[in-house]
Amino acid sequence: IYHRLDLALVKKWSSRKGRNKQFEINIFNVYARKNPLYLYYNPNNGKIYQKTIFTIIPTISYSIEF
C-alpha cells in the first residue's frame, strides 16, 4: 500500500515595483514512510521484497514574476 503526507507553506506578496513574489517550503512524505518503488520476488526463498528510494524530501523555492 502506497501513501504519504505532503505539507507546504506558501507566502505570496507584491514588491514595490508591482512584481509578484512567492516563497515556498515543501516537505514530501512527512512521516518518512518507505513506500515501494517496485516489488520483486525471489524464487530461491519464496519471499517478496520491495525497493524504496526516498523517504522524506524537503524543498525550498523562491520565484519572481517579470
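Me: Why is Tyr49 called partly exposed?

Reply: In this predicted model, Tyr49 has a relative accessibility of 30%. Buried means under 20% and exposed means over 50%, so Tyr49 falls in between and counts as partly exposed.

Me: And what makes Tyr40 partly exposed?

Reply: The reasoning runs along the same cut-offs. Tyr40 has a relative accessible area of 40%; that value is neither under 20% nor over 50%, so Tyr40 is partly exposed.

Me: Good. Now the rings: how many aromatic pairs does the structure hold?

Reply: Three. One of them joins Trp13 and Tyr62, with 6.2 Å from centre to centre and 40 degrees between the planes.

Me: What makes the pair of Trp13 and Tyr62 tilted?

Reply: Two checks settle that. The centres must lie within 6.5 Å, and 6.2 Å passes. Stacked needs planes under 30 degrees apart and edge-to-face needs over 60, so 40 degrees leaves tilted.

Me: Why does this pair tie together parts that are apart in sequence?

Reply: Trp13 lies in strand 1 (residues 7-14) and Tyr62 in strand 5, so the pair ties together parts that are 49 residues apart in sequence. Trp13 is partly exposed at 31% relative accessibility, and Tyr62 is partly exposed at 47%.

Me: Why is the pair of Tyr40 and Tyr49 called stacked?

Reply: Their planes are 25 degrees apart, with 5.6 Å centre to centre. The distance is within 6.5 Å and the angle is under 30 degrees, so the pair counts as stacked. Ring pairs also link Tyr40 and Tyr49 with Tyr38 into a cluster.

Me: Let's turn to Thr55. Where is Thr55 placed, and what makes it partly exposed?

Reply: Thr55 is in the loop between strand 4 (47-51) and strand 5 (57-64). Its relative accessibility is 28%, which is not under 20% and not over 50%, so Thr55 counts as partly exposed.

Me: Which residues is Thr55 in contact with, leaving aside its neighbours within four places in sequence?

Reply: Phe28, Asn29, Ala32, Arg33 and Lys34. For Ala32, 23 residues apart along the chain from Thr55, the C-alpha atoms are separated by 4.6 Å.

Me: Finally, how do you know that the protein chain is not a compact globule?

Reply: A compact globule of 66 residues would have a radius of gyration near 11 Å, but the protein chain has 20 Å. Its C-alpha atoms fill a box of roughly 65 × 20 × 15 Å along the principal axes. Just 8% of the 66 residues count as buried, and the chain has five strands and zero helices.

How values were computed. Residues numbered from 1 in each chain as written. Predicted model: local features only at pLDDT ≥ 70, side-chain atom pairs only at ≥ 80, totals over all residues. Heavy atoms only, no water. Helix = DSSP H or I, 4+ residues; strand = E, 2+ residues; numbered from the N terminus. Buried < 20%, exposed > 50% of the residue type's maximum accessible area, 1.4 Å probe, protein only. Contact = heavy atoms within 4.5 Å. Rg over C-alpha atoms; globule rule 2.2 N^0.38 Å. Phe/Tyr/Trp six-rings, centres within 6.5 Å; stacked < 30°, edge-to-face > 60°.
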